[in-house]
Every structure is written in structure tokens, then in C-alpha cells.
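Trainee: I am new to this structure and would like a close look at one single part. Please begin with the chain as a whole, then settle on the helix that comes first, and show me what lies around it.

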Amino acid sequence: IFDLFASHNLRVVGMADLTLDDIVEELAEPEFDLAHDGWLAHDEEGRPSGYACVYRSSEPEHRIEVVTDDPALAAWLRDQAVERSREIARADGHEAVTIDIGVYRADEPQRALVADAGFSPGTTYHRMRIDHAGPATPPALPIGVVRRTGADGLDVRRAGHAVIEAAFAGQFAITTQPFEQWHAAREGRTSF
């Protein structure tokens with residue numbers, strides 16, 4: 001799955017834009033049902049040739065991913081992910097669901113794939129980057145400021161979650177997430 005995404009992204013934007021750990025962690029998300037929320041297609045030689053998945057949230061808004069270079073397979077995978085997203089929403093008691101899918105501006109085939117299914121642009125993100133010649137020295141903390149990390153205990157983690165929820169409230173594609181769900185997802189990540 002990593003190789004599918006990395007090779008596709010390399011062709012489209014010139015970099016993998018994800019790590020193997022990113023894929024492993026997404027497959028281990030507590031709400032991701034490996035048996036029902038993902039599809040891995042293989043070519044005639046048995047090599048992975050396409051992948052799609054649904055990542056659900058606590059509200060009727062889901063994110064899907066589709067990656068393949070085969071247009072017919074892409075449409076089939078997209079349709080599977082969209083239908084599964086609808087099934088999840090119905091099972092959770094929702095009449096409708098919002099489905100998000102990230103598409104690079106330079107990825108014309110993917111843009112056509114989502115447009116053909118009725119998707120429309122919701123927002124645009126710009127990636128900014130600063131390269132450092134060596135290790136960056138952390139700034140000194142202002143007088144009276146105390147730095148705490150999640151390693152300092154559950155109360156600090158709860159406070160951090162509350163800050164994140166408040167900071168991103170109302171932004172595009174952001175839904176509230178109970179602390180327990182957020183914490184479980186973070187605990188499964190190598191970078192947390």
C-alpha cells in the first residue's frame with residue numbers, strides 16, 4: 001500500500017508525501033475495520049495495483065483514499081469506498097454523509113475521477129516548507145511559561161486535546177472527536 005501511494009505521489013508531486021509508518025498507523029486506527037473499510041487490488045501477477053479505504057469520524061463525515069493508475073479500477077475502488085461510507089453513516093443513524101478525498105492540483109486523472117462522482121472542491125491547502133542546514137535550536141521560553149508534554153500525564157494530554165478541539169473548531173472537514181478516541185489513535189502512532 002505504501003509503495004502504491006509513494007510511487008503515485010512521486011509521479012504527481014515529486015515526493016512520496018507519506019511514510020511507511022503513516023500507512024501502518026492508518027491501518028491501525030481504532031475506527032478502521034480492516035475487513036470492511038479497505039480494498040487492495042492485485043494485478044494478474046499478484047502485485048498490488050490499487051487501494052481504497054474509508055476512514056470514519058465521530059460525525060457523518062468520512063475521508064476516503066483511492067490510489068491506482070488504472071482508470072477503470074480507480075472508478076470501481078472509488079465506488080466501493082463511497083458506498084461503504086454511506087453504509088457506515090446509515091448504521092450510525094445518519095441519513096447523509098459528507099465524504100472528503102484529498103486530491104493534488106496536478107493530479108488530473110484523480111481530479112476527473114472525483115468530479116465524475118459528483119465531488120466538488122471544498123478547500124485548498126498550501127504546503128509551506130523551510131529547510132534547515134542543521135539542527136534547529138529551540139527558542140527560550142518566556143518568563144513564567146512552563147513547557148509540558150504528554151509524557152507529563154493524562155491531565156496534560158486532556159488539556160492538549162481541548163486546545164486542539166478549540167483551535168480547529170469550525171474549520172473545513174474538522175469534526176469533534178472525543179478524548180478517548182483521539183488518545184487511542186495517537187497512542188498507536190510512532191510519532192506521538
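Mentor: Happy to. Among contacts (heavy atoms within 4.5 Å) in the protein chain between residues at least 6 apart in sequence, 49% join residues at least 24 apart. What you see is a predicted model, in which local features need pLDDT of at least 70 and side-chain atom pairs count only at pLDDT 80 or more, while totals for chains, interfaces and linings use all residues. Residues are numbered from 1 along each chain as its sequence is written, and side-chain values use heavy atoms, leaving out hydrogens and water.

The protein chain has six helices and four strands; these are DSSP runs numbered from the N terminus, with helices (H or I) of at least four residues and strands (E) of at least two. Read from the N terminus, their order is α-α-β-β-β-α-β-α-α-α. The C-alpha atoms fill a box of roughly 60 × 50 × 30 Å along the principal axes. Of the 192 residues, 27% are buried, where buried means under 20% relative accessible area, exposed means over 50%, and partly exposed lies in between (1.4 Å probe, protein chains only).

Now to your helix, H1, which covers residues 2-13. The expected span of a helix is 1.5 Å times one less than its number of residues, so the twelve residues of H1 should span 16 Å, and its end C-alpha atoms are indeed 16 Å apart. Which residues of H1 are buried? They are Leu4, Phe5, Ala6, His8 and Asn9. An α-helix has 3.6 residues a turn, so residues three or four places apart point the same way. The cover over the buried residues of H1 includes helix H2 (20-27) and the strands E1 (38-42), E2 (48-55) and E3 (61-68).

Follow the chain onward from H1 and you come to Gly14, with a positive phi near 85°. Further along, the loop between H1 and H2 holds Asp17. Phi of Asp17 is also positive, near 65°, in a residue other than glycine. Asp17 is partly exposed, at a relative accessible area of 27%.

H1 also helps to line the second largest pocket: H1, helix H3 (71-91) and helix H4 (108-116) each supply at least two residues of that lining. A pocket here is an open set of points on a 1 Å grid over the protein atoms alone, where a 1.4 Å probe fits, with protein on both sides within 12 Å along at least five of seven lines; lining residues have an atom within 4 Å of a point. This pocket holds about 240 Å³ of space. Its lining has 14 residues, and Thr68, Asp69, Pro71, Pro109 and Gln110 are the closest to its centre. H4 gives the largest share of the lining, five residues.

For contrast, look at the other end of the chain. Helix H5 (residues 154-168) has 15 residues and reaches 21 Å from its first C-alpha to its last, close to the 21 Å expected. Just after H5, Gly170 has a positive phi of about 85°. In helix H6 (residues 179-187), the buried residues include Phe179, Trp182 and Ala185, and the buried residues of H6 pack against H5.

Conventions: Grid points are joined across faces, edges and corners, and a volume is the space filled by probe spheres set on the points.
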